Amino acid sequence: MAMEVTQVLLHAQSIDGAVRKNAEDSLKQFQEQNLPVFLVSLSGELANEEKPVETRKLAGLVLKNALDAKEQHRKFELVQRWLSLDGNAKSQIKACLLTTLTSPVSDARSTASQVIAKVAGIELPHKQWPELIGSLLSNVHQLPAQAKQATLETLGYLCEEVSPDVIDQDQVNKILTAVVQGMSSSEGNTDVRLAATRALYNALGFAQANFSNDMERDYIMRVVCEATLSPEVRIRQAAFECLVSISSTYYEKLAPYIQDIFNITAKAVREDEEPVALQAIEFWSSICDEEIDILEEYGGDFTGDSDIPCFYFIKQALPALVPMLLETLLKQEEDQDQDEGAWNIAMAGGTCLGLVARTVGDDIVPLVVPFIEENISKPDWRQREAATYAFGSILEGPSPEKLIPLVNVALTFMLSALTKDPNSHVKDTTAWTLGRIFEFLHGSVVDSPIISQANCQQIITVLLQSMKDTPNVAEKACGALYFLAQGYEEMGPSSPLTPFFQEIVQSLLTVTHREDAGESRLRTAAYETLNEVVRCSTDETAPLVLQLVPVIMMELHNTLEGQKLSSDEREKQSELQGLLCGCLQVIIQKLGASEPTKYVFMQYADQIMGLFLRVFACRSATVHEEAMLAIGALAYATGADFAKYMPEFYRYLEMGLQNFEEYQVCAVTVGVVGDISRALEEKIVPYCDGIMTQLLKNLSSNQLHRSVKPPIFSCFGDIALAVGEYFEKYLLWAMSALQSAAELSTHIAGDDELVEYTNSLRNGILEAYSGIFQGFKNSPKTQLLIPYAPHILQFLDGIYMEKDMDDVVMKTAIGVLGDLADTLGSHAGSMIQQSVSSKDFLNECLSSEDLMIKESAEWAKLAISRAISV
Amino acid sequence: MAPHDIRRPFKRAAISDQQKRRELSLLRQAQNRRDAQQQARCLASSILSLQSAAPESQPEQSDTEIETVPESEQESEAFSKDLDVRQASKLRGPEVRKWFARQLMLPEWMIDVPDRLAQDWYVFARPAGKRCFVVSSNGTTVSRQRNGSILHHFPSALPAGAKIRDGSGSAQSYCILDCIFHELDQTYYVIDMVCWNGYSLYDCTAEFRFYWLNSKLEESGACNAPSHYHKFRFSAVPVYNCDSSGLYSAYTGVVPYAKDGLLFYNKHALYQTGNTPLALVWKDENCSQYVIDTDGKGEIPSQQQVVLELQDDRKLVTSDDPPVLFGCLDGDIIEKMGSLRRLI
């Protein structure tokens, strides 16, 4: 029972669009009419040696797409569909797939490998297809080599698909044995050895037990190291990729091998082909990542808090590692700065050098300084660029005390190089290095300032001059100015930038109008710098920031003029609107923060809001995230007057809440609902039905990214607080959503990421409860909340006893206890007294080091004492 | 296995400005939510109930009770008064506004010359600016205007005013200063000291308070230029004995701030909240720019406007600080205005 799919599959690859469309429709129709037959037919096509290779491949691909999808919810549906598929059909499909692994046609084999892994990814966690691994392993011991290669590839994909806990150790051992044997130098077939090496890369996560066993680990490491010496470049590359993965997964097991690994990586970096050398450098970058994490976790004091000890591999390797990396810096490619996608040995080496500096701090400085001194003034641009790059790379990590004397000497040289060096690479790297100097060594964190009144003028002149240079250099100059401005934040009422403010702003605006501002993200960099200059400005320059408002408004207005844009133009328009809305957002937030400037700024509010609405209107289906963010800031600044914009704005608000695809937009819109609630208070009532309905829909959707859900709960609280007892209308729904989320989030089982997520969910739920209680306070409807009190107290007790809440949750939770007592008063007195929260939890919070927790707890204590004394 | 391509950001800062904008928005929203929440929590709970630290209002043997440090009666009273200011400094809303308006010592207009002026009084030039209470505690400093609204929330070198103190200040350390914030040089001019480093000066004479202010403020480093952990400079004002040379100095002397009248403080007066005849204010065109209205061009219009407040006792007063009684309306007019007032 199978249908003929060859013809349709051929048509589906036709160059004729109409034919292709037709074929795609037919495939869809087959699938809908009889799924089991359709899938069996596809697997039959894939396995059939008589069929053309293109249709076999496509059949496999369609089959694969019937098992997996990118979107989480779609994937879930496909998994359910496969699990409930007719058993016979599934057996037939699986048999075809396994047969295909021995096909002489390599494309068919490799397609089958991928599909098998997908099926395994679904079935193995359900304890189905138990014979799969056994039959794959028996293949490995079969000839011909091509079947062996396909099988190893399948094992690799399989390890990528399923999580280690679904395969028992016995089978893991067998898989690893087969893979490692396939990798060993005794394996004569290059394809087999390559497939095995790549399979090991995926299987490393399964090898926890094996890496704990000295003998097994020695064996695996020996085979991997041997493979780095293979005559085949792809095998060498794959073997180094395994080493990179091992460096992060099994860092703590590396000590016995690190000397050997240094030798082989050093040889590869100096002599091997680029793809291999890049991986060899990546090994050391990855070790740096590990050690930076571990040392950060120690937090400077060696209490042994980290699970993994630091072995100081980088510190030990330093005398040899640094010269090796410095050599790579001289291998730049021409024009690498213009090519966004470039990644070469010099770039990788410099990046690694920067990580090494962060790992070891001061120790790197004496090893790099001679290289800088020797090369910085050489005639060959490569030497000057490498020296500058080396300097820029080590600016993060070592102490300011160590670096500032160097910077004081270098600064004038750098400023002159930025204007006078004939080579664009050197200028690019010089501007970047200046940016790093300002980022790490300028500002209130540093005791002895590197910028004086004397050189401030010169620095600004040079940077503004460089903004007229080629786009890549100009972009770096903008970046340097960004950090220069940032360093003057919170420096007090008077900023050294004040005298230059006008000139800086003017220069940045000029940059945004350059013909070539689209290259090297120059325009973006210019607006970002403008934003930072505004953020860090002081009251002295507030009038100038105010003058900027109509200028940016005019720019935004100009983007709205274009008619009938091509899709490419539309994208550019939207990007530019994003930058301008972002800039306005920063300005609004700045001016809105102080009463006098806010007052003057408000004269523009109507016009700005009008522009934002027109930006929204440029798109039909989605809303612009940056415009939405800016509106949040505007609502906060405007207060209750924002009500006049609501009739027009509301539809976009709703559209934003419905945007599940771009969940960032949805999240931002949820935040804006909060802003608007606080601004409008009871004036938001007419819009509440729509908003609450949409928010409740969002909560129950499994298509919406989970990170948006906690803020939705917080938003319930914002609304309840704004509308008070009017919230009664939504109380039942909101409380039931809160209750089920509360039950889910009481216990956490999972990794750090899940713990973090659960805590943010708890915080959202608790903020909702707080808002609701406070909103109902002193209203005659308070008693409506009494039935929910036992559950809420139970939730508080529950998360307290779990002992895994973070400080934010603790503060919000103890606040909710107070809100409950405050609003329900004597109605809840005895309930509260019975709860653990009112005793142990409260006492713990009262003696907390965290002042916010303590403050909430003191308030809760007061509210409780009132509730139970009445 | 898909071929691996590890690329790391090259010559790029780690964070994008867009991400920064999002994060700053979230921070602002979280702060606003906290403020709204705080306000809600405090609206009804009259601030004075914070005195519930008094033992009789506590239920017996409650588990929520924490051990309070035993204090002598006197200390405890002074402490609870200060505690109110500190607690209230964190609160929001109209209740707080009223409360704060009651906490400052407010001068009356000087309409005659007090006896023993030269012997018993101080005089100093009042800085132009916003009168406020500055409270430092728990590693932060908050300034509040007379209407209770927060002017600044900032780190300062006052005891307990920033999170970086070397631990010299105990947890109970805090300060309350009566200040005027002078916009032009962004400086808090301290005109009176109410509490210093946990020590209450409410019941001390002005003479002692000013002496203490002058010695302690300088010591603390609060008069230094602003820095990361000290956002605004504080400064004492020059205070003179009210003899003719002192008066002359205060009236004509050059000070680093714009003057807004002269303040007279009786040396023996304690810090008394609300209006008191033991503090007086004088303004004329030589020592205050606010004595006569000017228009946008700085010219004096032909008529001066004044907004009067009709109080419940039918008295008409100005909204000056302190108010000046202008007159009293008879019942008839009030009757006629009745409908209008209801509209308002």
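This text walks through chain A and then its contact with chain B. The model is predicted.

Start with chain A. The domain assignment splits out three parts: domain 1 spans residues 1-129, domain 2 spans 568-704, and domain 3 spans 729-869. Take the C-alpha centres of domain 1 and domain 3 of chain A. They lie 52 Å apart.

Now look at residues 23-103 of chain A. An unreviewed UniProt entry annotates this stretch as "domain: Importin N-terminal". In the model, residues 23-103 of chain A are 78% helix and 0% strand. The C-alpha atoms at the two ends of the stretch are 27 Å apart.

Next comes the interface. The size of an interface is often expressed as the accessible area that is lost when the parts come together. For chain B and chain A, that buried area is about 5800 Å². Carbon and sulfur atoms account for 51% of it. Chain A puts 87 residues into the contact, and chain B puts in 46.

Turn to the polar side of this interface. Between chain B and chain A there are 9 salt bridges. One salt bridge pairs B:K20 with A:E532, with 3.0 Å between the closest N and O atoms. The interface also holds 17 residue pairs in polar contact, both residues at pLDDT 80 or more.

Which element of chain B gives the most to the side that touches chain A? Helix α1 of chain B, residues 17-44, does, with 18 residues. By residue type, the side of chain B that touches chain A has 17 charged, 17 polar and 12 nonpolar residues.

Notes:
Residues are numbered from 1 along each chain as its sequence is written. Chains are lettered from A and ligands numbered from 1 in the order in which they are written. This is a predicted model: local features need pLDDT of at least 70, side-chain atom pairs count only at pLDDT 80 or more; totals for chains, interfaces and linings use all residues. Side-chain values use heavy atoms; hydrogens and water are left out. Domain bounds come from an automatic or database domain assignment. Contact means heavy atoms within 4.5 Å. Buried area is the accessible area (1.4 Å probe) that two parts lose on being put together, summed over both. A salt bridge is a side-chain nitrogen of Lys or Arg within 4 Å of a carboxyl oxygen of Asp or Glu. A polar contact is a pair of N or O atoms within 3.5 Å; within protein, one must be able to donate a hydrogen and the other to accept it, and residues adjacent in sequence count only if both atoms are side-chain atoms. Helices (H or I, at least four residues) and strands (E, at least two) are DSSP runs, numbered from the N terminus. Ala, Val, Leu, Ile, Met, Phe, Trp, Tyr, Cys and Pro count as nonpolar, Asp, Glu, Lys and Arg as charged, and the others, Gly among them, as polar. UniProt positions are given in the numbering used here, feature names are shortened, and annotations may be inferred rather than shown by experiment.
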